[in-house]
Each structure stands twice: as C-alpha cells, then as structure tokens.
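The following note is offered to a colleague who is beginning to read protein structures. Please keep the model in view while going through the numbered points.

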Amino acid sequence: MTHILKRLLTAVAVVALASPAFARDITVDLAGEPSSLDPHLQWNPDSYYVYRNIFDNLVTRDNDGKIAPQIATSWNQISDTQLELTIREGVTFHDGSPLTPEDVVYSVKRITNPDFGSPQLGQFNQITDAKIVDGSKVMLTTAGPYPALMAQLVKLSIVPKKIVEKLGKDAFNAAPVGSGPYAFNKWSRGVSVTLNRNDAYWGAAGPFENAIFRAVPDAATRVADLLAGTADLVVSIDSDAGIQLKGNAKVKLLSAPTERVGYVGLNLDKPPFNDPDLRKAASLAIDRLGITEGLLQAGEVPMAQMASPAHFGYSPDIPAFEYDPAKAKELTAAKSELASTPATLATAPVFDQRIVQAVQQMLNDVGFNVSISMTDMPTYLNIVRSEPAENSELSFGRWSCACQDADGITYPTLHSKSRWSRVNVPEIDALLEKARVSLDVKTRQNAYTKVHQMVRENHYLLPMYQAAVLYGSSSDLEFMPTANESMFLNRMSISE
Amino acid sequence: MLRFLLNRGGQALIAAFGVVTLVFFIQRLSGDPTALLLPETATQADIDAMRVTLGLDRPLIVQYWAFLSDLLRFDLGRSFVQNADVWDIVSSRIPKTLQLAFGALVVALLIGLPMGLIMAITRGKHVSKFIMWIVLACQSMPTFWSGIMMILVFGVWLRWLPSSGTGTFAHLIMPSIALGLLSLATYARITRAAVLDELGKDYVRSARARGVRTGRLVRHHLLRNSMIPIISITALELSQLLAGAVIVETVFAWPGLGLLTVQSIAARDFVVVQTIVLMGAFVTIFANLAADILYSVVDPRVRLAGQS
C-alpha cells in the first residue's frame with residue numbers, strides 16, 4: 001500500500017514539476033477602465049490595450065513597426081483607389097463561428113457609416129466602399145489615392161456580423177466577441193476586465209491563461225501594486241516613478257520611443273512670433289537636450305521636424321536645432337520692445353507641466369515675456385483650434401496620429417486648412433497635398449523632407465522631442481514596448 | 001399633518017428641480033465634450049458629426065426640455081464616453097461607496113470613541129497627552145499621503161494586505177482606515193469633551209462617593225450620557241465620509257462614486273455627472289425632509305407652527 005502511495009506521490013510530483021511553470025495569469029494595471037470594448041467605438045489607450053487582444057485587425061504592425069498580415073494575409077493595390085485584400089481562412093470567432101469576408105466587409109461598413117457615429121470615423125472615412133470579390137477577397141475603394149490606407153487598416157478590428165446584428169450595439173459592447181488570442185470573460189464596471197486565452201486561436205495565443213486589466217487611477221498605487229507583486233505590468237508612469245523601480249530586482253522599467261511628437265506651436269499672426277528673427281530666437285533659447293535628458297529622462301529624443309523615426313516621412317537628414325541662448329539674447333535685444341510683448345503659452349493638465357515651465361523659463365531668460373495659461377482639456381482644445389486672432393501666442397502640444405505616417409502629423413499642424421495649424425504657406429500646403437494623394441513612396445518622402453526643411457528654416461512651429469513611454473513590469477515578463485503603444489498579450493512571454 | 005407634508009414635499013421638489021437645472025446649464029457652459037471623444041486628427045466635420053450624434057447640436061433649451069421629459073420618464077440617459085446606460089454605470093458604484101463609508105465609520109467609532117474616553121479619564125496625564133498627539137496626527141495627515149504610506153508599509157513591505165482594488169474584506173481595510181482617520185479624530189475629541197463635561201456633574205461625584213468603580217461608572221453612566229452629541233455628529237460625519245471619499249477612492253483604486261464623479265467631470269461626461277448630482281441632491285433633500293417629519297412627530301410644536 002505504502003508502495004503504491006509513494007509511486008503515486010512521485011507521479012504527482014513529476015507531473016507538477018513537468019507541467020509548464022509559466023502557466024499563469026497576467027494582471028495589468030491601467031490608469032482607467034476601458035471606455036468601450038466595442039473596437040468601433042471609443043478609441044483611447046485604456047480601451048485599445050484591452051480590446052485589441054480580443055479582436056484581430058485587418059493588418060497589424062510587428063514589433064519593428066512594419067505592417068504585417070493579420071486577418072488580411074496579403075494585399076494588392078489594383079488601382080489608385082482600389083485595394084484588394086486576401087482574407088485569412090480558418091479563423092473562428094470566440095463563439096466558434098468562422099470569420100468570413102462578409103464579416104470584413106461588414107466591419108468596414110459599420111465603422112465608416114456616419115450614422116453609427118464612431119469617434120474613429122475620421123481615420124476611415126476615405127474608404128467609400130467595401131465588397132467581396134472572388135468569394136475570399138475583399139476590395140476596398142477609397143475616395144482618391146490614399147497612401148495612408150494600410151497604416152489606417154492597422155487599427156481596423158473585425159467584428160462578427162451575425163453576433164453584432166443579433167445583440168445590438170449595447171449588448172455587444174458589454175460582452176464583445178472577437179477572433180483574437182483572448183476572449184472576453186467579465187467586465188466589472190469601474191474595476192477590471194477579465195479575458196481568457198483563446199486556445200483555438202489561429203496564431204500564437206501567448207503564455208497567460210487569464211488576463212486581468214484593472215483600473216488603478218493613481219500612478220503611485222500602480223507602482224505599489226507592481227512592487228507588491230499584485231500587478232505584472234503597469235502603464236502610464238513617469239520617470240520619477242521609474243526611479244523607484246530601478247533599484248528593485250523583482251521589477252524592471254521598460255521604455256520605448258513613441259510616435260508622439262512634442263512641439264511648441266507659434267501664432268504667426270500675432271506679435272512677437274510674427275517676426276521670423278524672434279521665432280528663431282525662441283528656438284535658440286530652448287534647450288531640447290536639457291529637457292529630454294535632464295527633465296524627462298524616459299528616453300525622449302530631441303526632434304527638429306514634425307515627425308519621428310517611427311513615422312513614414314521622417315527625414316534623417318534634418319539637422320538638430322542649435323541651442324544658443326546668447327545668440328537668442330542678441331536677436332531679442334535688437335527688437336526688445338517687440339520681444340517683450342506679453343505672450344501666453346496655452347497648456348492643459350494632461351501635458352507634462354515640467355516641460356511647459358521649462359520652456360517658459362528659457363524663453364523669459366532671453367527676453368521674452370511669456371506667461372502660462374493652464375486650462376482644462378476642452379478649453380485648451382478650443383483655444384488652440386481657434387482662429388489666429390483668438391488663439392494664444394504659444395501653445396504646447398503632443399501630436400499622435402496613431403498611424404505612423406507623416407501625413408497624420410504634418411497635415412493637421414502645418415496645412416493652412418487645418419484648424420490646428422497657424423501656418424499659412426502656400427508652398428507647404430502644396431507639398432502636403434501632393435504627399436497626401438501620391439502612392440509613390442519617393443515622391444512622398446521628398447515632399448515631407450522639403451516640408452521639414454522649410455519648417456526648420458522658418459521656425460513656423462518648434463518641434464521639440466519624440467515622446468517616450470514607460471512601463472513597469474515584473475522582472476520575468478518579456479514585453480517589448482512599441483512605438484504605437486500596443487500591448488499584445490500574445491507577444492509577451494515569461495522567462496524561466 | 002397632511003398640509004405640512006405637502007408643504008415640505010413641494011419645497012423638496014423645487015429644490016431638486018433647481019439643483020438639476022443648475023447642473024445642466026453650468027456643465028454645458030463649461031465646454032464641449034466632443035473634442036475629447038475624438039482623436040486629435042479629427043476635422044471640424046468629424047466634430048460636427050459627433051455633436052449631431054450626441055444631440056449637442058440642438059439649442060440648449062431644446063436639450064434641456066428633452067432632458068426634463070426623459071427625467072420624468074425615469075430615463076437618465078446614456079454616458080457619452082462609456083456608451084452605456086448611465087444608471088447601470090452609477091448604480092454599480094453605489095454599494096462600493098456605501099461599503100467604504102460604513103467601513104470608515106466603523107474605524108472612526110471603534111477607535112475614536114475609546115480614545116476620547118481614555119483621554120477624558122486620564123486627563124492631564126501622559127497617556128492623555130500621548131493619545132492627543134495621535135489624534136492630532138490623524139487629523140492633520142492628508143489622506144493621499146497616509147493612503148500611500150499604508151500601501152507602502154502593509155501592501156509592499158509587509159504584504160499583509162492587498163495594495164489596491166476591491167473584492168474581499170481585506171481590500172476594504174486600508175481604504176476604510178485612510179478615510180476614517182479624520183472622523184476618528186473628530187470622534188475622539190467630541191467624546192473627550194462630552195465625557196469631561198459629564199465628569200464634573202453631581203451624579204458622577206455621588207457615584208464615586210458611593211464607591212462605584214471607574215469601569216462601571218464609565219459603562220453605566222458616563223458613556224450613556226455622553227452619547228447624545230456623538231449620535232448627532234454621526235449623521236453629519238456620514239455625509240462627510242461620502243463626500244471625502246474622492247481621494248481615498250483614487251489612491252486605492254476603489255470603484256466608488258467619488259472616483260466616477262471626478263473622472264466624469266474631467267471627461268465632460270455630462271450625463272453621468274448630472275445623474276450623480278441629481279442623486280446626491282435627492283438624498284440630501286429627502287434626508288432633510290425625513291428629519292423634518294421625524295422632528296414634527298417628536299415635537300408637535302413644529303407641526304403646529306406650520307398650521308398657525
């Protein structure tokens with residue numbers, strides 16, 4: 001009897017030891033709960049961190065930022081306005097039903113339908129039609145040649161037509177069904193969302209059996225959760241919190257440059273920055289390296305163009321801005337009266353106020369008269385998007401188009417037709433329009449390089465830095481942060 | 001009595017209506033939520049389209065009318081941000097806030113009362129001074145600091161308690177203490193004052209003269225007689241606790257109404273804010289109404305004053 005028992009115990013021990021040690025759950029602390037889990041509705045980080053694990057998108061970006069197949073296995077530009085996508089076979093939704101080209105067409109039509117009212121409409125409204133061709137392919141038609149189409153399709157999630165139609169908008173949002181590596185399990189309002197691994201996933205589903213995304217609004221608490229071992233991955237922390245993590249062997253700090261570009265907008269219609277010399281002085285006065293390396297310390301990189309290496313259209317040949325406060329002082333001294341015109345620097349709480357204060361200080365040190373105007377976000381948006389006469393003299397902003405294409409950042413901030421832009425230069429407009437509709441990579445790149453050069457020479461606005469994002473993770477979690485701030489659970493692993 | 005009830009009920013309704021109207025207009029004067037819902041790259045056309053979807057393009061008075069008529073049908077509306085029925089969102093938070101307020105009240109009473117009592121009995125001695133020092137510390141520590149310190153000590157270093165979140169009884173302990181500290185100080189001081197007041201009275205002296213022991217004296221005489229001011233501040237403290245939960249809820253990721261309010265205000269989620277304020281107003285107004293009615297039941301002079 002004892003013999004058998006011994007054997008049994010040994011067997012149990014062997015099984016226990018042999019079973020994969022990495023079979024565990026992951027807990028991610030986000031700053032807020034998702035606004036929606038229907039991928040065609042609200043679009044903000046706390047939502048898409050979660051729902052992009054539930055859904056597959058038409059295409060995706062790999063960890064190096066290259067566009068890679070997901071539901072579309074290949075694509076072919078048939079004409080200037082037509083793109084043909086081959087749809088992956090053998091993909092099933094979490095309820096077991098197959099994902100068909102019909103679902104793809106439905107998803108495109110759903111998000112582009114103005115009556116649906118998706119906040120993401122602006123990213124997809126160039127698509128005018130979607131239809132099935134040859135039974136297994138989908139043809140997308142755009143209003144005109146649209147080079148950023150593939151970059152936008154990275155964000156287009158495929159939803160199951162039958163289920164969405166049956167459940168309706170609200171019920172689908174409350175219990176979404178996708179085809180992704182993780183299936184929705186439970187949403188405790190205000191607390192957390194729980195996902196379970198989809199073992200029937202067509203690709204690698206990742207090492208975690210369950211994933212819990214929690215809403216933890218206070219950054220210090222998120223860091224404490226990580227240190228206490230109750231969270232495996234935390235987002236939205238700053239470099240001060242990062243320092244706390246650095247000395248601890250159980251956790252690690254991860255950083256990646258993003259596609260957000262911080263910049264100081266100038267009002268070209270109002271003194272003092274209607275004067276080119278004073279714009280130059282402002283640029284010379286700002287110590288970009290000091291701000292990124294001394295102040296922010298999260299891996300930000302100074303930029304001299306409205307693009308980053310994460311964007312198509314970034315030009316590596318644009319030289320960095322000079323920092324020369326003495327020269328700036330000379331320029332302002334020559335026009336001291338104009339330079340001392342009171343100027344307001346518009347900002348909102350969401351931006352890092354250390355930067356705003358540093359910029360104010362640096363500008364005032366060389367003879368400007370800048371004061372900070374901090375308002376809540378909607379008011380700030382109103383100010384920076386108003387006509388030049390009502391607009392502030394200066395504004396701080398951080399731009400992201402989530403498309404990694406220079407079009408999404410230069411057009412809104414530099415084209416005269418954009419509400420964000422206080423620049424009105426016909427040549428820039430023409431270049432931006434050309435790049436927007438050309439499918440030729442070289443033509444586009446040249447146009448953007450020229451725009452970057454003009455902006456740099458004339459200081460139409462002051463690019464500052466490429467923002468970085470920090471994550472805290474447990475030391476055995478392998479997670480590679482990307483420029484588009486994605487968080488795919490199936491690309492993570494546990495080190496032994 | 002009926003006339004009194006109708007009178008007070010009418011007043012309550014007018015007050016609720018006033019609060020709702022005020023909140024409706026002030027919120028809408030403070031800015032447009034559309035810009036926050038859309039990506040930065042949104043064009044004016046996108047913004048306009050969203051305004052139509054949300055019904056924000058209509059004249060303010062039309063929106064107000066629609067809001068009032070929906071309200072009469074008990075339809076509180078949908079959250080702009082969360083795409084869900086607002087009552088579902090708000091009602092899921094109510095039990096959490098009540099739990100926390102109750103937990104804090106228990107902490108405040110269980111620790112604050114004995115502290116006050118000991119301070120009064122040992123007045124002038126070192127013990128009393130030491131406890132007073134603790135009470136002052138409780139009163140002056142800001143919640144966001146004491147909360148984070150507790151998380152650090154009990155959540156990160158000792159790992160006795162979960163560092164944040166909700167779900168089990170253990171989750172409730174630290175937030176309750178953090179929120180209860182201030183009330184604890186209030187209770188301790190009020191109790192001390194009330195007991196000291198009683199200590200000087202004749203019945204205490206005669207009891208002592210009869211040789212009643214301190215323990216018995218406290219239990220049977222002092223505590224009971226000192227209870228009156230303590231009970232009356234409890235009602236006040238409870239509403240204080242409900243209001244003061246905002247910071248504690250943020251620090252401990254406690255999904256209560258306070259946290260929801262702050263987040264909804266920041267996101268300009270008008271419908272959610274309206275509902276929470278409406279609820280707060282109703283609770284306050286009807287609690288007062290109930291108190292008034294009770295008062296008139298206890299003291300007939302109030303009712304008679306209404307009739308004359």
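1. Two residues are in contact if their C-beta atoms, placed from the backbone, lie within 7 Å. The structure discussed here is a predicted model. With that meaning of contact, 10 residues of domain 2 of chain A are in contact with 11 residues of domain 3 of chain A. On the domain 2 side of this contact there are four nonpolar, four polar and two charged residues.

2. The domains of chain A should be located next. The assignment gives domain 1 as 22-37 + 168-256 + 469-494, domain 2 as 54-163 and domain 3 as 258-468. Between the C-alpha centres of domain 2 and domain 3 of chain A there is a distance of 34 Å.

3. Chain A also touches chain B: 42 residues of chain A are in contact with 44 residues of chain B. On the chain A side, the elements that give two or more residues are α4 (121-124), α7 (169-174), β10 (208-215), α8 (219-228), α15 (377-384) and α16 (407-414). Which element of chain A gives the largest share of this side? That element is α8(A), with six residues. By class, the side of chain A that touches chain B holds 20 nonpolar, 16 polar and six charged residues.

4. Chain B contains 13 helices and zero strands. In shape, the C-alpha trace of chain B spans about 85 × 65 × 30 Å along its principal axes. The radius of gyration of chain B is 25 Å, whereas a compact globule of 308 residues would have a value near 19 Å. Of the 308 residues of chain B, 34% count as buried.

5. Chain B is divided into domain 1 (2-86) and domain 2 (94-255). The C-alpha centres of these two domains of chain B are 40 Å apart. Among contacts in chain B between residues at least 6 apart in sequence, 72% join residues at least 24 apart.

6. One helix pair in chain B merits attention. Helix α5 (residues 86-121) and helix α11 (residues 257-266) of chain B pack at an angle of about 130°, with their axes 8 Å apart. This angle makes α5(B) oblique to α11(B). In the contact, Arg93(B), Ile94(B) and Thr97(B) of α5(B) meet Leu257(B), Gly258(B) and Leu260(B) of α11(B). The residues of this contact comprise three nonpolar, two polar and one charged.

7. Some backbone values deserve inspection. Most residues other than glycine have a negative phi, and most peptide bonds are trans. The peptide bond from Pro271(A) to Pro272(A) is cis, with omega near 0°. Pro272(A) lies in the loop between β12 (251-266) and α10 (276-285) of chain A.

8. In chain B, Ala253(B) has a phi near 50°, a positive value in a residue other than glycine. Ala253(B) is found in the loop between α10 (214-251) and α11 of chain B. Is Ala253(B) buried or exposed? A residue is buried if 20 or more other C-beta atoms lie within 10 Å of its own. Ala253(B) counts as buried because it has 26 C-beta neighbours inside 10 Å.

9. Arg268(B) has a phi near 55°, which is a positive value in a residue other than glycine. The loop between α11 and α12 (270-298) of chain B holds Arg268(B). Arg268(B) is buried, since 23 other C-beta atoms are within 10 Å.

Terms used
Residues are numbered from 1 along each chain as its sequence is written. Chains are lettered from A and ligands numbered from 1 in the order in which they are written. This is a predicted model: local features need pLDDT of at least 70, side-chain atom pairs count only at pLDDT 80 or more; totals for chains, interfaces and linings use all residues. Axes are lines fitted to C-alpha atoms, for helices over the stretch in contact, and angles run from 0 to 180 degrees between N-to-C directions. Helices (H or I, at least four residues) and strands (E, at least two) are DSSP runs, numbered from the N terminus. Angles under 35 degrees count as roughly parallel, over 145 as roughly antiparallel, 65 to 115 as roughly perpendicular and the rest as oblique. Ala, Val, Leu, Ile, Met, Phe, Trp, Tyr, Cys and Pro count as nonpolar, Asp, Glu, Lys and Arg as charged, and the others, Gly among them, as polar. The radius of gyration is taken over C-alpha atoms; the globule rule is 2.2 Å times the number of residues to the power 0.38. A residue is buried if 20 or more other C-beta atoms lie within 10 Å of its own, exposed if 12 or fewer, and partly exposed in between; C-beta atoms are placed from the backbone. Domain bounds come from an automatic or database domain assignment.
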